[in-house]
Amino acid sequence: MNNKSNQVFDEDIYTMVEKHIMYWNPMNLIEWCLPDEYSIEVDHIVKILPYMKSADELGNQVYCIMQKYFGIYFKRSSEECYQIADRIYKNLEHINSLNTSFVSFNLYFNSFRGMRRD
């Protein structure tokens, strides 16, 4: 049931999150790693976005995600995570206003709850 407009919408969101994380570069890896170094973390953030009700909630999740994947090597503060989450959330609202309402975005993604997405 994935049509082309939803696919473009998904790609817009992924690209937006990826740009924010790459610009932030929380582990200072960009200079010497592959361009998709943060792809696992970006994927995780994109998958949880439909369930976030605020930028603060997203900030908490970003902090947890980074700690999950980088462990003790993740030295950024939770405040930095909240700042990047705030930027992501604001851009998400902008993308949603261009493509669809936020309610539709949540309904679309929540329809996949319990389904495996590879």
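Here are three short exercises with worked solutions on the predicted model above.

Residues are numbered from 1 along each chain as its sequence is written. Local features need pLDDT of at least 70, and side-chain atom pairs count only at pLDDT 80 or more, while totals for chains, interfaces and linings use all residues.

**Exercise 1.** Find how many helices and strands the protein has.

Solution. Count DSSP runs, taking H or I runs of at least four residues as helices and E runs of at least two as strands, numbered from the N terminus. You should reach 5 helices and 0 strands, in the order α-α-α-α-α.

**Exercise 2.** Work out whether the length of helix 3 fits its number of residues.

Solution. Start with the rule: the expected span is 1.5 Å times one less than the number of residues. Helix 3 has 16 residues, so it should span 22 Å. Now check the end C-alpha atoms: they are 22 Å apart, which agrees.

**Exercise 3.** Decide how the buried and exposed residues of helix 3 are arranged around its axis.

Solution. First, list the residues that are buried (under 20% relative accessible area, 1.4 Å probe, protein chains only; exposed is over 50%). In helix 3 they are A55, L58, G59, V62, I65, M66 and F70. Next, take the directions from the helix axis to the C-beta atoms. The buried residues cover an arc of only 125 degrees, so they sit on the same side of helix 3. A helpful reminder: an α-helix has 3.6 residues a turn, so residues three or four places apart point the same way. Finally, look at the other side of helix 3, where D56 and K68 are exposed.

Note on methods:
Heavy atoms only, no water.
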